[in-house]
Number of protein chains: 2
Amino acid sequence: MAPPGKAQKTAKKPAPKAAKKTAPRPGRPVRGSATGRPVMALIDLIGRRWVLRILWELRSGPLTFRALQEACGGISPSVLNARLADLKETGLLEHEEAEGYRMTQLGRELTEQLTPLTGWAERWARQLEKMQKP
Amino acid sequence: MAPPGKAQKTAKKPAPKAAKKTAPRPGRPVRGSATGRPVMALIDLIGRRWVLRILWELRSGPLTFRALQEACGGISPSVLNARLADLKETGLLEHEEAEGYRMTQLGRELTEQLTPLTGWAERWARQLEKMQKP
DNA sequence: CTCCATTGCTACGTTTTCAGTAGCAAGAGA
DNA sequence: TCTCTTGCTACTGAAAACGTAGCAATGGAG
């Protein structure tokens, strides 16, 4: 391999398709589903790492970038920023100069639907305990 | 760190901690949260790619591995298998010889909590439409 | 038994995403 | 001016996901 001659130095980015990354949204094909059904976009969106956690941490009020970063246990700023962009783009949260990042009305409706999951998670925990040390 | 002198050659796998991968579960620290609170484990679990989708596709009955793979739009078998292991380990689904993969009672309770998300997602879609072409 | 199809995976090389750290520009005080 | 906070961007290395190939086991059909 490696034919002698020249061109041995630069071989970095042969793929110039540097398309902008967009958040999943209803009406567009998402990962694993080309139908554009809203629920599929939602599944794709909240299936991304940190998305659910970010919404969860904002449930009781707005947080600044740094506060949110800390609340998420030290998530790296690049990923946090990417997720915040996704969530802003899809209308779930917004950035207020004064207070930081806060959920929109739409975002609040979503997290309200998600709060009962706490109860389920606790049943789940008890169930798993029983299964392990019976 | 790294006292000078020698040992400059091999530097491949300095981390031999090849621990088995375990699914997030209540009572244990998860990504970004050391408290072990059940809801954090749940957020970690369903924040993994494909987990929510798999549960969604199983909502109306059991599917075989291949059927599930197809239902998820051609997810790669290695990832599917990993997610199925997570979900079995956490008691959300089980593998029946005859019918394939099916949700447990616990899993069904979870997806029942998640079905209203369809309605939210549709409001979301309408909202985004209004915001784009007003 | 041989042939073929189906099922549930495993292997492995490539690509994408995430993690972790460093650091910078802008603004607010002191 | 100096310092501090805030909201990021850049970069490198590690982990996760993708995509394809393929294999062992099972179950008929002929």
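Which residues are the closest to DNA strand D? In this predicted model, where local features need pLDDT of at least 70, side-chain atom pairs count only at pLDDT 80 or more, and totals for chains, interfaces and linings use all residues, side-chain values use heavy atoms, with hydrogens and water left out. Residues are numbered from 1 along each chain as its sequence is written, while chains are lettered from A and ligands numbered from 1 in the order in which they are written.

To answer, 16 residues surround DNA strand D, and the closest are A:Phe65, A:Arg66, A:Asn81, A:Tyr101 and B:Trp50, where near means that a heavy atom of the residue lies within 4 Å of the strand. Of the strand D atoms within 4 Å of the protein, 53% belong to sugar or phosphate and the rest to bases. Turning to polar contacts, that is, pairs of N or O atoms within 3.5 Å, a polar side-chain atom of A:Arg66 lies 2.3 Å from a base oxygen of strand D, and a side-chain N or O atom of B:Ser78 is 3.2 Å from a base oxygen of that strand. B:Trp50, in turn, places a polar side-chain atom 2.8 Å from a phosphate oxygen of strand D. Among the elements, which are DSSP runs numbered from the N terminus (helices H or I, at least four residues; strands E, at least two), H4(B) supplies the largest share of this surface, four residues.

Now to DNA strand C, around which there are 16 residues, with A:Trp50, B:Phe65, B:Arg66, B:Asn81 and B:Tyr101 coming nearest. The side chain of A:Trp50 has an N or O atom 2.9 Å from a phosphate oxygen of strand C, and a backbone N or O atom of B:Phe65 lies 2.6 Å from a phosphate oxygen of strand C. Here H4(A) gives the most to the surface, with four residues.

Finally, the interior. A search of the whole structure finds three cavities of 30 Å³ or more, a cavity being a set of points, on a 1 Å grid over the protein atoms alone, where a 1.4 Å probe fits but cannot get out, with lining residues having an atom within 4 Å of a point. The largest has a volume of about 120 Å³, volume being the space filled by probe spheres set on the points. Its lining draws on both chains, including A:Met40, A:Ile43, B:Arg48 and B:Trp50, and H1(A) gives the most, with three residues.

Technical notes: 1 Å grid on protein atoms, 1.4 Å probe; cavity = no way out; pocket = protein on both sides within 12 Å on 5 of 7 lines; lining within 4 Å. Polar contact = N/O pair within 3.5 Å; in protein donor to acceptor, adjacent residues only side chain to side chain.
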